[in-house]
Amino acid sequence: MLAFKCFGAKKIIDNGGKDLLKEKYSEFDLGDTYKDFDVVLTLNPDSKPSKAKAPSGASDEDKAKIKEENALIKIKLAELADEVAEKWCRFKSEFMGAPIRKALIDIKEENKENYLIEIPYRSKEKYWVKKTDSNAIFYFSLHFTDPTDIALAKIFCIELKDTKKSSSQAVSTQYYPKIDKSSDVMSELNIDPKKSSCGAISFNLKSTHVKKNLETAVYFLTTFRQYVEYHVRMVKCLLHNRIRKRIGKFEIVFEKALREGVQKQSEYKTTIGGAEKSDKPEEEKISGVSKKKYDESEYTIG
């Protein structure tokens, strides 16, 4: 059983969520039958193939036949488990992106209906679906709390916008680093600047982008927020690795450097710069007491 709850679930169900459940999860969906959960998925035990037991007094041939059938049933159960697990693992992203899927299907089927939907799919972030006669525009507000994450996310969005120059069929992308209430787009969407520290980004898709492969477009749009999060974390890891390598090289150079103000009679290693022999007088223990050894030529009496 899979009991699921997310932000904005009611809006998602009313704007494409029901269609998704009927199309892909009809054999699992139980609806809102459990309290405090939005969607519950379960597998009917009667739909699973069951193993047979050999009856008492069965011949050796019958037992061998039942054993072979049970082995095949075991393989089918493993395949069924893999299929159900794969579907349920994708459920969160597919369900939260159901309004996106609905809009892309509408422009693929040339549906002329116009609408604007706001989906609060995260605690402080939302996305908007604006459907027009011939295209669909998807707006995502981005919010990070760490100053480094904010800077990296903004750089990523700026570079993402510039990537469309390399392809004539690229999706039109617009990045809004600051939420300006005076602009028509921001005033229409009513984005809260306090909950969008990295601004907002939009993707404008037409029917030509979804005719060949609808599922690819749905996947990349529904997982865009995770895509940004992943790149921010990976850039930080890359920077940390470079810093560690540079510090390591600096330490090697520092260890190889000769020290200043050291007596000539001292011997040093040529590879790391450390002392081969100590400058301090050698100590030898006599009856448990440390006694320093000195060169007699250095000291005279009288």
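Here is a chat between a visitor and a guide about a predicted model.

Visitor: What span does helix 1 cover between its end C-alpha atoms?
Guide: Start with what a straight helix of 16 residues would do at 1.5 Å a residue: it would span 22 Å. Helix 1 also has a kink of about 70°, centred on Gly 16. Between its end C-alpha atoms, helix 1 spans only 17 Å.

Visitor: Which residues of helix 1 are buried?
Guide: An α-helix has 3.6 residues a turn, so residues three or four places apart point the same way. Keep that in mind while reading the list, which includes the kink centre Gly 16. The buried ones are Ala 9, Ile 12, Ile 13, Gly 16, Gly 17, Leu 20 and Leu 21.

Visitor: How far does helix 2 reach from its first C-alpha to its last?
Guide: Helix 2 runs over residues 60-96, which is 37 residues, and 54 Å is expected at 1.5 Å a residue. There is a bend of about 40° at Arg 90. Still, the reach is close to the expected figure, at 55 Å.

Visitor: Which residues are linked with Arg 90 in a network of salt bridges?
Guide: Arg 90 is where helix 2 bends, and Glu 94 is among the buried residues of that helix. Both belong to the network. The other residues linked with Arg 90 are Glu 23, Lys 24, Glu 86, Glu 94, Arg 101 and Glu 215.

Visitor: Along strand 3, which side chains point to one face and are buried?
Guide: Strand 3 covers residues 115-119, and its side chains alternate. Leu 116 and Glu 118 point to the other face and are not buried. That leaves Tyr 115, Ile 117 and Ile 119.

Visitor: Which residue in strand 4 stands opposite Tyr 115?
Guide: Strand 3 pairs with strand 4 (residues 127-131) in the antiparallel sense, over five bridges. Tyr 115 is in strand 3, and its opposite number in strand 4 is Lys 131.

Visitor: Is Glu 125 buried or exposed?
Guide: Buried means under 20% relative accessible area. Glu 125 has 3% relative accessibility, so it counts as buried.

Visitor: How many residues apart in sequence are the parts that Glu 125 and Arg 225 tie together?
Guide: The two side chains meet in a salt bridge, at 2.7 Å from N to O. Glu 125 lies in the loop between strand 3 and strand 4, and Arg 225 in helix 8 (residues 224-256), so the parts tied together are apart in sequence by 100 residues.

Visitor: What other residue forms a salt bridge with Glu 125, with the closest N and O atoms 3.7 Å apart?
Guide: This partner is partly exposed, with a relative accessible area of 30%. Glu 125 itself is buried, as is Arg 225. The residue at 3.7 Å is Arg 122.

Visitor: Which residue meets Asp 149 in a salt bridge at 3.1 Å, N to O?
Guide: Asp 149 lies in helix 4 (residues 147-162) and its partner in helix 8, so the pair ties together parts 84 residues apart in sequence. Asp 149 is buried, at 6% relative accessible area, while the partner is partly exposed, at 32%. That partner is Arg 233.

Visitor: What is the area of the nonpolar surface patch made by Met 1, Leu 30, Tyr 34 and Phe 37?
Guide: Take Phe 37, found in the loop between helix 1 and strand 2. At 35% relative accessibility, Phe 37 counts as partly exposed. Together with Met 1, Leu 30 and Tyr 34, it makes a patch of about 380 Å².

Terms used: Residues are numbered from 1 along each chain as its sequence is written. This is a predicted model: local features need pLDDT of at least 70, side-chain atom pairs count only at pLDDT 80 or more; totals for chains, interfaces and linings use all residues. Side-chain values use heavy atoms; hydrogens and water are left out. Patches are made of residues with over 30% relative accessible area and no salt bridge: like charges are joined within 9 Å, nonpolar side chains (Val, Leu, Ile, Met, Phe, Trp, Tyr) within 5 Å. Accessible areas come from the Shrake-Rupley method with a 1.4 Å probe; for residues, only the protein chains shown count as cover. A salt bridge is a side-chain nitrogen of Lys or Arg within 4 Å of a carboxyl oxygen of Asp or Glu. Helices (H or I, at least four residues) and strands (E, at least two) are DSSP runs, numbered from the N terminus. Buried means under 20% relative accessible area, exposed over 50%, partly exposed in between (1.4 Å probe, protein chains only). Two strands pair if DSSP finds at least two bridges between them. The expected span of a helix is 1.5 Å times one less than its number of residues. The bend at a residue is the angle between axes fitted to the seven residues ending there and the seven starting there.
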